[in-house]
Amino acid sequence: MVTVVTKSGTNKFHGEVFEFNRNTDFNAFSWNPAPNAFTHTLVKNPYHRNNFGAAFGGPIKRDRSFFFFSYAGLRQIQGATVSGALTPTAAERMGDFTGDTFKVYMPGTHTQVDGTNSSPNCAIPTLNCMPTSLLDPTAANFLNVNNKIGVSVPLPTGAAAPSSGGGAYIGVYDTPTDSDEYLAKYDQNIANADHVTVTYFYVNTTSTPSGGGNINWTGVQSHAGQTNAVVADAHTFSPSTTNQVWLTFTRAMGGRTLLPVTGPGNQTLGSFGSNFTIQGPAGLPYLNISGAFNTGNPNAGPVTGSDNYELRDVVSITRGRHNLSVGAEFALDKTMFLANLNNYGDVTFSTSAPTTTGNAIADFVAGQTSAFEQDSTYVTHLSTWHFAGFVQDNYRITPRFTANLGIRWDIDTPPVDAHDRTASFVPYQQSTVTPNAPEGQVFPGDKGIGRGIISTQFNHISPRVGFAFDPFGDGKTSIRAAAGIFFGTPSGNEWNQPGNAAPFSIRNGFGPTPSLTNVYGGPAYNFPSTAPGGGIFPYTFTPAAPKFYPNTSIEAIDPNVKYSSVYQYNVSVQRQLPYKISTTVAYVGTLGRHLQTFVDANYAPYSTVFGKPSTAASSTDIRRQYDAGAPGAPGTLTGITELISNQSSNYNGLQISATKTMAHGFSLSGFYVWSRALESSNPVENGLMNAQDFGVLGGPFTPSNNSLGAVGGGLREEYGLMDQNHNSNAAISGIWKLSYYTGSNKVVKELVNGWQVSSVAYFMSGGPFTVSTGSNKNLDSLGQSRPNAVPGVSPKLNPNRCRVCATNSVTKAWFNNAAFTANGPGLPGGIGPGGADGNVGRDSLVGPGLKDMDAGLFKDISFPRGIVFQFRAEITNVMNWVSLNNPSSGNITSASQATITSAAGTQRVIQLGGRLTF
């Protein structure tokens with residue numbers, strides 16, 4: 001918690017107005033900018049930003065009552081390049097693949113198509129011409145760029161790719177952002193003992209970035225609003241005793257809506273001719289054409305909001321050498337989640353489909369899907385209480401030594417859903433609350449399961465200790481050290497996860513469908529019937545009669561979850577040197593324990609118990625740890641996304657800084673940090689982490705904890721650097737005030753003096769990244785494989801090679817891909833069950849570093865009656881340095897592996913502004 005005490009008003013009126021502007025014309029080109037498809041000239045991504053506002057405050061009654069009001073607005077449009085897609089050519093949209101070098105087959109056969117359609121090349125039966133009867137009507141509507149329905153898959157803007165189909169597409173997407181922020185404050189002095197403050201803050205922001213993917217498809221219009229209201233009183237009992245009390249209300253609300261880039265806002269898959277029936281708000285489908293393009297829709301919603309009520313009181317007492325603070329706080333947090341999930345339909349086209357034509361783009365044109373998912377909406381309402389008390393004593397033992405001694409006690413109740421839409425998983429326990437639930441899934445009211453899944457923990461007692469010591473007694477050297485324990489509070493975003501899975505909502509994958517136009521195909525396609533919506537949608541959770549469908553995935557909270565704890569410690573030495581220079585050397589550490597993350601509790605490892613394993617769903621399902629079923633008859637459960645808390649992290653850093661305070665109009669400061677941040681895995685707050693083996697709730701397989709003969713594995717294979725780790729960080733900044741003219745000419749004095757130049761340069765070493773095999777080589781249920789290392793071959797290459805040259809450039813090969821070989825069962829060096837997991841560690845390589853220099857030029861112009869106008873020119877990345885992003889590392893067999901195609905940070909951006917104060 002951070003408490004800020006602001007200064008109350010004065011007996012004079014004061015205010016300001018300001019405006020800051022950024023514009024595309026001011027900025028430099030980004031690194032490797034996309035050319036215009038028609039003029040071939042380089043294109044700047046649009047960037048228009050206006051940040052403006054005003055503030056005003058003063059007395060209502062002299063020495064007693066004061067007010068303050070401010071407003072700030074933001075209007076911004078920022079563009080981004082959309083690239084990397086291959087979209088169908090005009091001929092391919094008609095079913096004409098005669099210009100391609102691959103063969104197109106009749107679905108599910110090896111008979112090459114030989115038909116007629118509307119293409120001039122297919123007027124008579126011709127090989128690689130799809131017959132008109134094979135063209136899917138819904139796909140045809142999506143591919144018609146002049147359709148009257150709404151959005152469409154864009155035509156290529158670049159060269160055709162006859163070996164894969166389609167042509168290169170590059171587009172630009174504009175992201176508008178509007179924000180309004182208001183602050184009002186009232187101060188009242190009551191007699192000489194009380195100072196009452198009332199503060200109200202409100203901010204509302206609307207932004208519409210791209211929905212993702214590599215074609216222009218949808219925008220995600222995000223709405224966010226926050227309201228804070230605080231009433232505070234500071235009461236003085238005596239010169240040595242004061243009391244401060246705060247009553248706070250905070251409301252934060254946010255949500256997102258999917259908007260088509262063109263056409264009406266109510267477009268769905270059903271709008272284009274499919275029998276798809278949506279549940280919840282309208283949204284375009286997520287289309288994923290393997291190796292070609294994808295639309296990248298995120299979930300619509302979630303509409304999320306929280307109301308937080310808090311009362312806090314602190315008594316401060318000064319007695320002799322003691323400065324004592326005693327306090328307590330009480331809080332209630334109420335959170336609501338409403339999400340539509342993938343209600344719009346998630347459709348994949350891949351040559352793995354049993355009815356494939358042999359090419360994913362041709363599959364799309366023919367409507368031959370490989371996978372389909374449709375979700376229902378869900379809602380949860382969580383409430384949690386927080387109580388805390390603390391005592392802090394700053395004890396001045398001697399004039400040169402002060403001890404800081406404190407202790408805090410926190411009590412947090414686990415979040416409870418108002419309608420008990422939550423669940424846990426206890427192996428082999430059958431629910432009595434919901435008897436038809438899969439074995440192991442249990443609910444509040446079942447044996448050992450409370451409404452919050454876990455019980456309230458009363459042992460969160462946190463001591464804190466520290467000291468400050470002046471070893472020489474001259475006030476020029478100080479030694480400080482401190483250590484403390486801190487406990488984390490439950491995250492509503494973690495605790496609400498069971499509510500978005502069975503039986504509260506549906507998130508089932510249904511495999512291939514008859515076509516894109518007919519996505520519901522009855523029992524043969526895993527749907528209970530051929531009724532509209534597949535007999536499933538619209539789905540409504542009924543507590544008295546919950547439903548479970550085949551291939552059910554559930555989410556759960558482990559009943560043994562603990563709240564995270566953090567142990568922090570630091571020691572520093574500070575010394576004042578001549579010439580107004582001070583230096584500090586500090587060592588800082590943080591140890592995280594009981595960190596929470598989600599794993600698949602029903603993870604299927606490599607095993608030969610049921611014969612030769614494969615990546616097919618049937619092979620995976622029978623290797624599940626629970627409800628595995630039998631070959632040809634899998635059980636109800638598939639994945640079990642479960643929250644556990646057995647992860648840890650470690651951070652240690654050496655911090656060195658120096659500052660030269662202002663002298664002769666010049667000041668300078670800088671710091672260097674060497675640090676290392678490690679963690680046992682990549683914890684995430686919702687959804688499964690990226691790992692190559694989950695083991696048994698994160699632990700390794702042993703002969704006693706599974707019947708599959710699996711040994712090893714688990715999250716111990718994931719220990720490594722944090723994604724955010726950067727071993728070296730440095731910055732140097734300076735301010736130079738130009739006020740050296742001492743002549744009597746007022747005009748010259750005003751023009752020459754009063755300028756201020758400031759600059760700060762940042763330098764940061766590279767961040768880690770993970771090399772992946774690119775396919776499910778360890779034959780498990782995750783598909784996140786890492787390769788094996790080739791003995792004696794180093795993956796590291798010289799990072800100081802040229803960036804733009806014909807051969808041996810860092811952008812063409814940042815690391816040596818020959819140092820890796822595919823993992824797999826029994827291969828040399830493999831680890832985990834059957835040696836199928838790769839032995840290359842997570843985040844084992846480090847990417848390029850980052851450097852940036854920002855600068856500012858300021859000028860104050862004074863007018864009578866205390867009016868000052870400040871001109872401001874601020875430049876981000878003034879040197880226009882290019883810092884590279886991490887390389888491609890997701891597939892060791894890909895031609896793009898180890899290449900770098902994008903830049904980190906931003907190009908040079910100039911902002912001009914002015915501020916008038918009075």
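Okay, let's start with a twist: the link of C122 and C129 is left-handed, with -75 degrees about the S-S bond. Keep in mind that this is a predicted model. For anyone new to this, a disulfide is a covalent bond between the sulfur atoms of two cysteines. In this one, the sulfur atoms of C122 and C129 sit 2.0 Å apart. And are these cysteines buried or exposed? C122 is at 0% relative accessible area, so it counts as buried, and C129 is buried too, also at 0%.

How many disulfides does a search of the whole structure find? Two. The other one joins C802 to C805, with 1.7 Å from S to S. Its torsion is about 40 degrees, so that disulfide is right-handed. C802 is partly exposed at 33%, and C805 is partly exposed at 28%. If you number the bonded cysteines in sequence order, the pairing goes 1-2, 3-4.

Now over to a sheet. It's an open one with four strands, in the order β11-β10-β14-β15, and the pairing is mixed. β11 and β15 are at the edges with a single partner strand each, so each has one side without a neighbour in the sheet. Further in, β10 and β14 run parallel, joined by four bridges, and N288 stands opposite T348 in β14.

Last stop, D375. You'll find it in the loop between β15 and β16. D375 has 0% relative accessibility, so it's buried. What does it touch? Leaving out residues up to four places away in sequence, its contacts include N340, I506, R507 and F537. N342 is another contact of D375, and its backbone nitrogen lies 2.9 Å from a polar atom of the D375 side chain.

Methods:
Residues numbered from 1 in each chain as written. Predicted model: local features only at pLDDT ≥ 70, side-chain atom pairs only at ≥ 80, totals over all residues. Heavy atoms only, no water. Helix = DSSP H or I, 4+ residues; strand = E, 2+ residues; numbered from the N terminus. Buried < 20%, exposed > 50% of the residue type's maximum accessible area, 1.4 Å probe, protein only. Polar contact = N/O pair within 3.5 Å; in protein donor to acceptor, adjacent residues only side chain to side chain. Contact = heavy atoms within 4.5 Å. Pairing = 2+ DSSP bridges. Disulfide = S-S within 2.5 Å.
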